[in-house]
Amino acid sequence: MNATEIATVKAEALAEAQGAADAAALEAVRIKWLGRSGQLPAIMKTLGTLVPDERREAGRVANELKNELTTALDERKAAFEAATARTSASAFDATLPGRWRALGSLHPITQVIERATAIFRTMGFTVATGPDIETVFNNFTALNTPESHPSRSPSDTFYLKDDQILRTQTSPVQIRVMLNQKPPIRIIAPGRCYRRDTTDATHSANFHQIEGLYVDRQVSLADLKGDVSHFAKQMMGPDVKVRFRPHFFPFTEPSVEYDFSCHVCGGKGCRVCKHSGWIEISGAGLVNPRVFEQVGIDANAWQGYAFGMGVERIAMILFGIGDIRNLYENDARFLAQFG
Ligand code: PHE
């Protein structure tokens, strides 16, 4: 066989290797061409009949046939083996590291509301709710807020219509509950509030409060202090201190503002508590008889206390968050720390 003839046969052999459907067919091609009594040894034997120049050229092409066919067979064999390994069960390697899947977690604000709710449940409170869009009556008038009070102005409060606002506090839920329920009453009301505040490290135009209302035959400031202090210990730990300062709210009389000692520095002073050792949580007081009048509860027969609670403030000292804006930016790297 001369060089040209061998080249033709070579193309045939390579095509057979490419066309083999599985490892067995591949092995048959190898035996047919490269086996001891196969085509290639037979071709080699014919070379002796050629003149030296032709023999050298034919020998070169025959060698090409051997090398290229061997490579083609090896490659296809490796491909078949890889495919089998992928599909066979024995390919499962228990020593490989597992696949990581990110788990979500509750937002810190949700965590605080859920924990606080659970604590107040143990103290006999049930959860009441009200809408974010409120009437001016529920948010201000029924809460004994004078017509001229600055908090009513459109520069402080978001008005949707003349008598429709985004609630500035959860206190209107007190009104809704007292209009619909006979005392004794013991409710908390977690929810969103809205104020036209310029956003900074401690203020946000949208924030959360938990309102508390307790109405019974005999309720005093001592009940308020005791219950808020008990809550604080359950929420922050036994070492927390609670401080009450005289204040004014139209819907409570007397009124206080109250602070928790800073959980981050233990009261020594740090960035989160602005180096005062205390964090202002919100206001509270005894229900003003004028509010009872608005909702038709006999102020001679009933007394009550009410408190607000800033959820973001509690989250900030509980988790050591220095900037309230972190709570609203939904940066996954920040939120992932609360899982
Ligand atoms: N609603 C008041 C505020 O947002 C807090 C408060 C609630 C005060 C209940 C007294 C009683 O500042």
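**Questions on a predicted model**

The protein in this predicted model has 11 helices and 10 strands.

Reader: What radius of gyration does the protein have, against that of a compact globule of 339 residues?
Author: Start with the rule for a globule. A compact globule of 339 residues would come out near 20 Å. The box filled by the C-alpha atoms, taken along the principal axes, is roughly 130 × 45 × 40 Å. The protein itself has a radius of gyration of 41 Å.

Reader: What share of the 339 residues is buried?
Author: Buried means under 20% relative accessible area. The accessible surface of the whole protein is about 18700 Å², and carbon and sulfur atoms hold 53% of that surface. Of the 339 residues, the buried share is 41%.

Reader: How far apart are the mean positions of the positive and negative charges?
Author: The protein has 38 positive charges and 38 negative charges. Take the mean position of each set. The separation between the two is 4 Å.

Reader: How many disulfides does the structure hold?
Author: A disulfide needs two cysteine sulfur atoms within 2.5 Å. The structure has no such pair. Cysteine 262 is in no disulfide, and its nearest cysteine sulfur, on cysteine 265, lies 3.7 Å away. Cysteine 270 is also unpaired, with the sulfur of cysteine 265 at 3.7 Å, so the disulfide count is zero.

Reader: Is cysteine 262 buried or exposed?
Author: The cut-off for buried is under 20% relative accessible area. Cysteine 262 has 1% relative accessibility, so this residue counts as buried.
Cysteine 270, at 14%, falls under the cut-off too, and is likewise buried.

Reader: Where is arginine 152, and is it buried or exposed?
Author: Arginine 152 sits in the loop between helix H6 (136-141) and strand E3 (159-161). Beyond four places in sequence, the residues it touches include Val136, Phe140 and Tyr159. Its relative accessible area is 8%, so arginine 152 is buried.

Reader: Which residues does phenylalanine 137 contact, leaving aside neighbours within four places in sequence?
Author: Phenylalanine 137 belongs to helix H6. With a relative accessible area of 34%, phenylalanine 137 is partly exposed. Its contacts outside that window are Ala142, Leu143, Asp163 and Gln294.

Reader: What distance separates the C-alpha atoms of phenylalanine 137 and arginine 176?
Author: Along the chain, these two residues are 39 residues apart. In space, their C-alpha atoms are separated by 11 Å.

Terms used. Residues are numbered from 1 along each chain as its sequence is written. This is a predicted model: local features need pLDDT of at least 70, side-chain atom pairs count only at pLDDT 80 or more; totals for chains, interfaces and linings use all residues. Side-chain values use heavy atoms; hydrogens and water are left out. Helices (H or I, at least four residues) and strands (E, at least two) are DSSP runs, numbered from the N terminus. The radius of gyration is taken over C-alpha atoms; the globule rule is 2.2 Å times the number of residues to the power 0.38. Buried means under 20% relative accessible area, exposed over 50%, partly exposed in between (1.4 Å probe, protein chains only). Accessible areas come from the Shrake-Rupley method with a 1.4 Å probe; for residues, only the protein chains shown count as cover. Lys and Arg count as positive and Asp and Glu as negative; His and the chain ends are not counted. The place of a charge is taken as NZ of Lys, CZ of Arg, CG of Asp or CD of Glu. Contact means heavy atoms within 4.5 Å.
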